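Colleague: I should be grateful for a close look at one part of this structure, the hairpin, followed by an account of how the surroundings are built. Please keep to what can be read from the model itself.

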Amino acid sequence: MKILVVDDEEDVQPLFLQRFRKEIKNHEVEFDFAQSGEEALDYLKDKHSEVVLILSDINMPGMSGIELLTHIREDFPTPPPPVVMMITAYGDEENYKQAMDKGANDFLTKPLDFNLLKEKLKTL
Amino acid sequence: MTFFTYAALFLLAIRLRRAIKLSPITAKWNAPLYGIALATVGVAFLLDDLLPNDEVEGIVIALVLLGVVEFLKREPDFKRFHVLINAHYPLIAAVILSNIVALISIKFYKKYDDYFQATQLAAFGWIFLRVATSKKQQSELKRISERKDELEILVAERTAEITKQRNELQETVKELQSTQAQLIQQEKLASLGELTAGIAHEIQNPLNFVNNFSEVSMELIEEMEEEMAKGDMEEATAIANDIKQNLEKIRHHGKRADGIVKGMLQHSRASSNVKEPTNLNTIADEYFRLAYHGLRAKDKSFNADLVTNFDPALPSINIVSQDVGRVLLNMFTNAFYAVHQKQKTVGGDFKPRVEVSTRTIKTPKGSEVEIVVKDNGSGIPDAIKDKIMQPFFTTKPAGEGTGLGLSLSYDIIVKAHKGHININSKEGEGSEFIITLPIA
């Protein structure tokens with residue numbers, strides 16, 4: 001299962017790799033990373049069919065996670081559409097509503113609860 | 001004929017006494033002048049009995065009058081009565097001359113009796129004439145002195161009024177100074193308020209990393225112990241390396257949060273005014289993010305491209321970092337505000353963009369550090385370009401801006417750091433704020 005993580009914070013990458021160490025080792029999941037919405041869209045152009053799940057930060061310089069979500073839903077409607085989970089430090093009602101309206105499948109708040117995330121992955 | 005001389009002496013004393021009535025010298029001279037007047041009457045009877053003939057009596061009393069006249073003339077108190085006093089000389093002269101002539105040759109005197117008497121009468125009359133003139137002069141002088149008093153009172157009143165006004169103005173200046181100090185403090189607090197959300201976000205991120213990396217490291221240690229128990233030292237060493245890297249990251253993010261908290265405290269604290277070598281790239285980056293997240297937290301629809309072009313070789317410069325940081329924060333907040341305004345009006349395709357760049361420039365006077373804050377926002381209309389540095393000038397709606405940001409920035413950069421602030425702006429296209437600071 002290929003997962004794309006979009007976050008402007010570079011250190012998110014080793015964090016995910018270590019947290020999913022066992023799963024990666026057992027070839028249950030595979031991670032790719034993008035540091036901005038633009039980079040993510042570029043990546044998806046070629047690989048959208050491979051990516052099952054997109055985890056995106058909302059608050060990023062340049063294209064925001066919500067904009068990225070809008071683009072994903074517009075540009076890649078071919079079924080099955082990727083599952084998109086939004087992640088944000090601002091876990092307020094408005095942010096949640098906006099994300100869900102734009103077509104997010106789930107909404108997670110920082111700090112990320114990796115055990116919860118793993119549970120959610122099992123249901124995919 | 002001695003009667004005229006006595007009368008003249010008596011009247012002189014009486015007139016002077018009346019003239020000085022109600023003046024400051026009354027107390028001193030009232031009694032002596034009254035004495036002279038009474039004495040004149042007494043002496044008249046006394047001399048009439050004592051002296052052998054009228055002629056000698058006439059000369060003696062004329063000399064007495066001369067003595068009194070000379071005495072009065074020497075008194076500075078009677079300076080203004082000189083006209084009256086001097087008027088007695090002709091009478092004295094006429095009386096003495098007539099009597100001496102009579103003593104020398106009574107026959108000659110008797111022959112021209114009428115002339116001598118007429119001369120004395122005329123001299124006596126002269127005194128009255130002079131008295132009238134003197135009175136006129138006196139009243140004129142009195143009028144002038146009254147006018148002078150009036151003017152002096154007026155001047156005193158005006159002076160008091162001006163002094164009062166000056167004191168009031170000084171009070172007002174003091175009040176204004178303390179109000180200004182309060183406003184500066186409020187501006188600091190206001191900008192801190194704008195920052196709070198940004199700060200929370202900026203601290204949350206490193207804290208998440210600290211928590212996550214320490215948690216994952218604990219898991220890694222358990223795994224490492226398992227690997228070691230299995231005897232797979234290679235895998236154990238690989239995990240140990242990961243743990244080492246994680247600890248490094250924990251330290252890095254801990255320091256990041258620490259720096260943000262310190263910066264926040266510095267921002268709200270009164271300026272220490274101590275210039276210290278500072279890396280402008282660091283504070284520019286820090287405040288750039290804080291300003292962005294501050295605005296982001298207030299309005300979630302807002303987004304902008306943050307572009308940084310920091311010169312990695314930028315030398316450290318001596319600045320009061322919290323003050324210059326405040327200036328940068330103000331510039332960033334303004335830039336984000338401008339692009340946000342444009343986004344609201346233009347909407348749709350507009351891509352808000354704020355760029356900060358640093359570089360070193362050579363000038364004839366030496367090297368300078370230049371920081372440019374550039375936005376593609378609403379720009380500054382020409383009509384207000386001259387006003388934006390003025391205190392209390394703001395285009396923001398009431399209650400949103402203090403109007404002190406740029407004014408304080410000017411004080412900090414130009415007055416305190418001997419630098420410059422230049423502005424390039426075109427309405428509708430964007431603005432560029434260029435700050436230069438000397439390296440020294």
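Modeller: In the hairpin formed by β6(B) and β7(B), three residues lie between the strands, and G428(B) there adopts a positive phi near 85°. The model is a predicted one. Strand β6 of chain B covers residues 420-426 and is joined to β7(B) by seven bridges, the two running antiparallel. Within this pairing, S425(B) stands opposite S431(B), a residue of β7(B).

Just as a glycine with positive phi marks the hairpin, another residue of chain B has a positive phi, of about 55°: K418(B), which is not a glycine. Most residues other than glycine have a negative phi. K418(B) is placed in the loop between α11 and β6 of chain B. Is K418(B) buried or exposed? A residue counts as exposed if 12 or fewer other C-beta atoms lie within 10 Å of its own; K418(B) has 11 other C-beta atoms within 10 Å and is therefore exposed.

The hairpin also leads to the interior of chain B. Strand β7 (430-438) is among the elements that give two or more residues to the largest nonpolar core, and the others are α9 (280-298), β3 (317-319), α10 (321-346), β4 (353-363), β5 (366-375) and α11 (405-416), likewise of chain B. This core has 38 residues, and those with the most contacts inside it are Y287(B), A291(B), L328(B), F332(B) and F336(B). The element that gives the most to the core is α10(B), with 11 residues. Y287(B) touches G325(B), L328(B), L329(B) and F332(B), leaving aside residues up to four places away in sequence. Another core, of 34 residues, lies apart from this one and includes V12(A), L15(A), M60(A) and M63(A).

As for chain B as a whole, it has 11 helices and seven strands. Of its 440 residues, 30% count as buried. Among the contacts in chain B with a separation of 6 or more, 73% join residues 24 or more positions apart.

Chain B also meets chain A: 19 residues of chain B are in contact with 16 residues of chain A. On the side of chain B that touches chain A, two or more residues come from each of α7 (113-230), α8 (233-268), α9 and β2 (305-309) of chain B. The largest share of that side is given by α7(B), with 10 residues. By type, the residues of that side divide into six nonpolar, eight polar and five charged.

In contrast to the antiparallel hairpin of chain B, chain A has an open sheet of five strands with parallel pairing, in the order β2-β1-β3-β4-β5. Its edge strands, each pairing on one side only, are β2 (30-34) and β5 (106-109) of chain A. On average, neighbouring strands of this sheet are turned by 20° against each other, direction ignored. Five bridges pair β3 (residues 51-57) with β4 (residues 83-88) of chain A in the parallel sense, and S56(A) stands opposite M86(A) in β4(A). Helix α4 (residues 65-75) of chain A lies across β1 (2-6), β3 and β4 of chain A, and runs at about 155° to β3(A).

Two loops of chain A complete the account. H27(A), in the loop between α2 (21-25) and β2 of chain A, has a positive phi near 55° although it is a residue other than glycine. The peptide bond from K110(A) to P111(A) is cis, with omega near -5°, and P111(A) is placed in the loop between β5 and α6 (114-122) of chain A.

Note on methods
Residues are numbered from 1 along each chain as its sequence is written. Chains are lettered from A and ligands numbered from 1 in the order in which they are written. This is a predicted model: local features need pLDDT of at least 70, side-chain atom pairs count only at pLDDT 80 or more; totals for chains, interfaces and linings use all residues. A nonpolar core is a set of buried Ala, Val, Leu, Ile, Met, Phe, Trp, Tyr and Cys residues joined through C-beta atoms within 7 Å. A residue is buried if 20 or more other C-beta atoms lie within 10 Å of its own, exposed if 12 or fewer, and partly exposed in between; C-beta atoms are placed from the backbone. Helices (H or I, at least four residues) and strands (E, at least two) are DSSP runs, numbered from the N terminus. Two residues are in contact if their C-beta atoms, placed from the backbone, lie within 7 Å. Ala, Val, Leu, Ile, Met, Phe, Trp, Tyr, Cys and Pro count as nonpolar, Asp, Glu, Lys and Arg as charged, and the others, Gly among them, as polar. Two strands pair if DSSP finds at least two bridges between them. Axes are lines fitted to C-alpha atoms, for helices over the stretch in contact, and angles run from 0 to 180 degrees between N-to-C directions.
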